[in-house]
Amino acid sequence: LILRIYFLQLLHKIYFQLLVLRINFHLLILRIYFLQLLHKIYFQLLVLRINFHLLELRIYFHQLLHKIYFQLLYFQLLVFRINFHLLILRIYFHQLVHKIYFQLLVLRINFHLLELRIYFHQLLHKIYFQLLYFQLLVFRIYFHQLILRINFHLLILRIYFHLLIFRIYFHQHDHRVNFHLLLLRI
């Protein structure tokens with residue numbers, strides 16, 4: 001009985017030891033599982049952290065891209081503004097060139113009108129001098145006619161005077177002799 005009791009105690013002790021070992025083994029398994037779970041959680045957190053940093057980098061990169069895009073957009077607007085001002089300057093320059101060209105054209109027209117006016121005045125002066133010359137010619141002809149008339153009248157007066165002398169003389173002397181003398185005298 002004692003041996004049996006001892007043997008039963010020994011069996012209980014062995015069973016208890018086995019139970020303890022089994023519990024320790026299960027605890028070890030649970031510890032390992034818990035450690036794996038912790039490692040998994042830590043890895044997940046690490047991945048999340050990496051993803052968060054990647055997201056931050058992505059956001060920063062996107063902000064940088066947006067900043068570069070806005071800088072490029074600003075540069076394009078600046079270029080457009082410069083091109084617009086250059087276009088305005090080009091239009092103003094073309095207007096100025098057209099204005100200068102128009103002024104030169106007006107000056108050229110005025111110069112040609114002045115030439116035509118000078119030519120017309122020269123022509124008028126020429127016509128005036130031609131008319132003056134014609135008037136002088138007419139006056140000369142008239143003067144010659146007047147001289148001829150005067151000469152003719154003087155000739156008539158001379159003839160009349162000689163006839164008067166002849167008449168006086170004819171009454172005083174012989175008619176025939178005096179008549180011949182008068183003819184000779186004329």
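How many helices and strands are there in the chain? The answer for this predicted model is two helices and zero strands. Helix 1 takes in residues 2-172, and much of what follows plays out along that element.

The overall dimensions come next. The C-alpha trace spans about 245 × 15 × 10 Å along its principal axes. The radius of gyration tells a matching story: the chain comes out at 75 Å, while a compact globule of 186 residues would sit near 16 Å. Pairs of residues picked from along the chain put some numbers on this. L107 and L21 are 86 residues apart in sequence, and their C-alpha atoms are separated by 124 Å. For V106 and Y42, a gap of 64 residues along the chain goes with 93 Å from C-alpha to C-alpha.

What about burial? Of the 186 residues in the chain, just 2% are buried. The accessible surface adds up to about 19000 Å², and carbon and sulfur atoms account for 74% of that. Two neighbours in helix 1 give a feel for the local picture. V106 belongs to this helix and is partly exposed, because its relative accessible area of 28% falls between the 20% and 50% cut-offs. L107, also in helix 1, has 53% relative accessibility and therefore counts as exposed, the threshold being over 50%.

Nonpolar side chains turn up on the outside as well. Y6, F7, L8, L10, L11, I14, L18 and L21 make up a nonpolar surface patch, and together they offer about 770 Å² of accessible area. One member, F7, lies in helix 1. With a relative accessible area of 48%, F7 is under the 50% mark and so goes down as partly exposed. L21, another member of the patch, is the residue whose C-alpha lies 124 Å from that of L107.

Aromatic contacts round off the picture. Searching the whole structure turns up three aromatic pairs. One of them joins Y128 and F129, with ring centres 6.0 Å apart and planes at 70 degrees, an edge-to-face arrangement. Both partners are open to the surface: Y128 counts as exposed at 51% relative accessibility, and F129 does too, at 52%.

Another pair, F139 with F143, is stacked, with 6.3 Å between the centres and 20 degrees between the planes. Why stacked rather than tilted or edge-to-face? The 20 degrees between these planes is under the 30 degrees that sets the limit for stacking, so the pair falls in that class. Both phenylalanines sit in helix 1, four residues apart, which is about one turn of the helix. Their accessibility labels part ways, though. F139 has a relative accessible area of 51% and is exposed, whereas F143, at 41%, is partly exposed. The label for F143 follows because 41% lies between the 20% and 50% cut-offs.

Terms used:
Residues numbered from 1 in each chain as written. Predicted model: local features only at pLDDT ≥ 70, side-chain atom pairs only at ≥ 80, totals over all residues. Heavy atoms only, no water. Phe/Tyr/Trp six-rings, centres within 6.5 Å; stacked < 30°, edge-to-face > 60°. Buried < 20%, exposed > 50% of the residue type's maximum accessible area, 1.4 Å probe, protein only. Patch = residues over 30% accessible without salt bridge, like charges linked within 9 Å, V, L, I, M, F, W, Y side chains within 5 Å. Areas by Shrake-Rupley, 256 points an atom, 1.4 Å probe, with all protein chains shown as cover. Salt bridge = Lys/Arg side-chain N within 4 Å of Asp/Glu carboxyl O. Rg over C-alpha atoms; globule rule 2.2 N^0.38 Å.
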